[in-house]
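Please look over the sequence and the 3D structure shown here before reading on. The report that follows goes through the sheets and helices one at a time, and explains each term when it comes up.

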Amino acid sequence: MSRRNYKHYIRRSHRYLGIFIGIQFVFWTVGGLYFSWTNIKEIRGDHLRKENEQTSIKLDQSMISPKVAADNLLGSGRALSISTIRIVELFDRPFYEIGYRTNDGRDELAVADAMAGDIRPAITEDEARLIATKAMASPQPVKSVELITRENVGGHHEYREKPLPAWAVSFENTDGLTIYLSSQTGQIGAFRTGNWRIFDFLWMLHTMDFKERDNINNWLLRGFSILGLMTISSGFMLFFVSSKPVRKLIRRTSEAAK
């Protein structure tokens with residue numbers, strides 16, 4: 001193959017590779033700029049949260065053994081087995097949050113009063129409004145409340161990979177803030193703002209996971225990463241075969257070797 005043809009094929013490869021993945025390079029660059037120039041605490045909505053959101057539980061409160069609460073749940077027929085128990089706060093009272101396996105094999109959560117052992121019913125819409133409003137540093141009017149279940153949440157939903165069902169409480173005048181809390185336990189799972197949604201969209205373009213957005217091991221991303229390296233390599237090769245100083249240096253080296 002002549003040098004001219006060699007350069008021709010390298011140039012064409014570099015050109016078409018650049019066109020094919022150039023748009024994705026732009027997405028990666030724009031996303032990287034946004035990630036590096038934004039405050040992650042503001043993205044998470046930390047500036048909208050009330051400080052010390054969780055109320056400390058007083059140790060002098062007369063709490064029953066968590067086994068009593070677990071036995072009450074097992075006795076209700078709802079649970080086949082108990083997997084986890086932890087102490088949480090709800091309406092300024094201590095509760096046991098109990099993770100359990102249902103008779104049909106699903107993993108669910110329930111809360112039991114840590115002072116009486118009674119299993120608490122699911123959080124109502126009015127209670128969800130109260131919990132979400134109380135969690136804000138500067139409470140705003142509630143715009144809407146929606147119950148989210150496994151049936152109406154896709155893999156790319158902004159409240160993905162968190163306990164369901166959940167209440168989505170949206171507020172006015174707070175950068176599109178929506179607070180998500182478990183309808184089973186009343187515990188807040190996420191603050192989502194307009195800035196977070198921009199971040200999430202750019203993260204999806206960055207990872208190229210258009211289904212669930214968080215899988216960085218997908219084959220599309222791997223393939224484009226390899227093509228990116230090929231584009232960069234072809235660019236270096238094109239520089240070396242087209243550069244007069246490099247060609248002169250190679251010629252002199254060859255003559256000296258003779």
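Two strands are said to pair if DSSP finds at least two bridges between them, and the strands themselves (E, at least two residues) are DSSP runs numbered from the N terminus, as are the helices (H or I, at least four residues). This is a predicted model, in which local features need pLDDT of at least 70 and side-chain atom pairs count only at pLDDT 80 or more, while totals for chains, interfaces and linings use all residues. Residues are numbered from 1 along each chain as its sequence is written, and side-chain values use heavy atoms, with hydrogens and water left out.

**Overview**

The protein chain has 7 helices and 7 strands, and along the sequence these follow the pattern α-α-α-β-β-β-α-β-β-β-β-α-α-α. Of the 258 residues in the protein chain, 35% are buried, where buried means under 20% relative accessible area, exposed means over 50%, and partly exposed lies in between (1.4 Å probe, protein chains only). A contact means heavy atoms within 4.5 Å; among contacts in the protein chain between residues at least 6 apart in sequence, 55% join residues at least 24 apart.

**The sheet of three strands**

Strands of a sheet pair through backbone hydrogen bonds, either parallel or antiparallel. Here an open sheet of 3 strands has the order β1-β2-β3, and its pairing is antiparallel. β1 and β3 stand at the edges with a single partner strand each, so one side of each is left without a neighbour in the sheet. On average, neighbouring strands of this sheet are turned by 25° against each other, direction ignored; axes are lines fitted to C-alpha atoms, for helices over the stretch in contact, and angles run from 0 to 180 degrees between N-to-C directions.

Strand β2 (residues 93–101) is mostly covered, since 7 of its 9 residues are buried. The table lists three bridge pairs that involve β2.

| Residue | Opposite residue | Strand of the opposite residue |
|---|---|---|
| Serine 81 | Arginine 101 | β2 |
| Isoleucine 98 | Alanine 110 | β3 |
| Glycine 99 | Leucine 109 | β3 |

Strand β1 (residues 81–90) is joined to β2 by 9 bridges, and these two strands form a hairpin with 2 residues between them, where phenylalanine 91 in the turn has a positive phi of about 55°. The pairing of β2 with strand β3 (residues 107–113) runs over 7 bridges, and this hairpin has 5 residues between its strands, with glycine 105 in the turn at a positive phi of about 90°.

**Helix α3**

In helix α3 (residues 66–75), the buried residues are Ala69, Ala70 and Leu73. Seen down the axis of α3, these residues fall within an arc of 100°, so they line one face of the helix; the arc is that of the directions from the helix axis to the C-beta atoms. What covers them includes β1, β2 and β3, whereas the face turned away from the buried side carries the exposed residues Lys67 and Gly75. After α3 comes glycine 77, whose phi is positive, near 85°.

**The sheet of four strands and helix α4**

A second group of 4 strands forms an open sheet in the order β4-β5-β6-β7, with antiparallel pairing. At its edges stand β4 (142–148) and β7 (188–192), each with a single partner strand, so one side of each is left without a neighbour in the sheet. Neighbouring strands of this sheet are turned by 15° against each other on average, direction ignored. β4 is joined to strand β5 (residues 166–171) by 6 bridges, and serine 144 stands opposite serine 170 in β5.

Helix α4 (residues 125–134) lies across β4, β5, β6 (178–182) and β7, running at about 55° to β5. Its buried residues are Glu127, Ala128, Ile131 and Ala132. Seen down the axis of α4, they fall within an arc of 130°, so they line one face of the helix. They pack against β1, β5, β6 and β7, while Asp126 and Leu130, on the other side of α4, are exposed.

**Arginine 192**

Arginine 192 has its place in strand β7. This residue is buried yet has no salt bridge, and the nearest side chain of opposite charge, glutamate 158, is 5.6 Å away. A salt bridge is a side-chain nitrogen of Lys or Arg within 4 Å of a carboxyl oxygen of Asp or Glu; Lys and Arg count as positive and Asp and Glu as negative, while His and the chain ends are not counted. Not counting residues up to four places away in sequence, arginine 192 touches Glu158, Lys162, Gly176, Leu177, Thr178, Tyr180 and Arg197.
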